[in-house]
Amino acid sequence: MKKSDMKICELYSLEHTMAKPLLEEYEYPWEVLPRIGEFIRKLGESLPKTEYDNPMEGIWIHKTAKVAPTAGIIAPVIIGPAAEIRHCAFIRGKAIIGAGAVVGNSTELKNVILFDNVQVPHYNYVGDSVLGYKAHMGAGSITSNVKSDKKLVKVHGEDGDIETGMKKFGAMIGDEVEVGCGSVLNPGTVIGKNTNIYPLSSVRRCVDAYSIYKNQGEIAVKEE
């Protein structure tokens with residue numbers, strides 16, 4: 001994947017997220033990570049009270065969303081229309097959960113943007129990441145957001161590296177990506193739209209759009 005393919009405009013359809021005004025300010029999606037919390041608080045204050053409940057400071061939940069009483073939610077968070085937060089989900093703050101999204105059993109979120117209709121439904125960890133429209137993470141798949149050597153994360157493109165200056169950086173997942181069960185997306189992973197990641201994969205690189213990631217070094221182009 002080239003640097004130009006990692007841009008927000010190439011990975012995401014911005015009409016499918018309430019974070020569109022934030023994302024439009026930047027070129028690459030990871031650049032928004034330090035600003036998600038601030039953006040949520042500003043946007044939350046502007047949401048119509050006729051549509052959103054505000055059960056405690058910094059938390060806004062659309063009246064059509066379903067939130068299990070066992071879910072844990074720490075501000076700031078916005079939960080969009082018809083979203084579903086299931087049993088024992090843990091939202092650790094700085095999370096935008098789009099319309100129709102599913103956050104499932106024992107799934108943990110922290111500093112993320114989930115576009116509309118994203119599904120992270122079973123035992124997922126998603127931190128310091130952006131998940132595009134209709135992206136789906138299979139059971140037990142996670143984003144690893146800190147390198148084992150604790151160094152700053154680089155994004156490795158075919159035409160050179162990009163220094164992010166960030167210690168915490170999970171994965172940038174494009175629209176309609178399918179991540180197989182039990183997979184690990186290592187720090188600095190970028191996955192192009194409409195790509196499939198095989199189950200039990202350990203992804204340590206950027207993956208082109210419209211691909212099938214079978215294992216490290218083996219990637220097939222999807223047939224039309």
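The accessible surface of the protein, a predicted model, comes to about 10100 Å², and carbon and sulfur atoms account for 49% of that area; such areas come from the Shrake-Rupley method with a 1.4 Å probe, and for residues only the protein chains shown count as cover. Because this is a predicted model, local features need pLDDT of at least 70 and side-chain atom pairs count only at pLDDT 80 or more, while totals for chains, interfaces and linings use all residues. Residues are numbered from 1 along each chain as its sequence is written, and side-chain values use heavy atoms, with hydrogens and water left out.

**Overall form**

Three helices and 25 strands make up the secondary structure of the protein, where helices (H or I, at least four residues) and strands (E, at least two) are DSSP runs numbered from the N terminus. The radius of gyration is 16 Å, close to the 17 Å that the globule rule gives for 224 residues, so the protein is as compact as a globular protein of that length; the radius is taken over C-alpha atoms, and the rule is 2.2 Å times the number of residues to the power 0.38. Along the principal axes, the C-alpha atoms fill a box of roughly 50 × 40 × 30 Å.

Of the 224 residues, 50% are buried, a term that means under 20% relative accessible area, with exposed meaning over 50% and partly exposed in between (1.4 Å probe, protein chains only). Among the contacts with a separation of 6 or more, 32% are between residues 24 or more positions apart, contact meaning heavy atoms within 4.5 Å.

**Strand β10 and its partners**

Strand β10 covers residues 108-114, and six of its seven residues are buried, so this strand is largely enclosed by the rest of the structure. Three strands that run parallel to β10 are set out below, and two strands are said to pair if DSSP finds at least two bridges between them.

| Strand paired with β10 | Bridges | Residues standing opposite |
|---|---|---|
| β7 (residues 90-91) | two | I91 and L109 in β10 |
| β8 (residues 95-97) | three | I97 and L114 in β10 |
| β12 (residues 125-131) | six | K110 and G127 in β12 |

**The surroundings of W60**

W60 lies in strand β2, which spans residues 59-62, and with a relative accessible area of 6% this residue is buried. Leaving aside neighbours within four places in sequence, W60 is in contact with a set of residues that includes I40, R41, G44, Y52, V77 and I79. One of these, I40, is 20 residues apart from W60 along the chain, and the C-alpha atoms of the two are separated by 9.3 Å.

**Backbone features in the loops**

The loop between β4 (72-73) and β5 (77-79) holds P76, and the peptide bond from A75 to P76 is cis, with omega near 0°.

In the loop between β6 (84-85) and β7 is C88, whose phi is near 65°, a positive value in a residue other than glycine; C88 is partly exposed, with a relative accessible area of 34%. K134, in the loop between β12 and β13 (136-137), has a positive phi of about 65° although it is not a glycine, and at 41% relative accessibility K134 counts as partly exposed.
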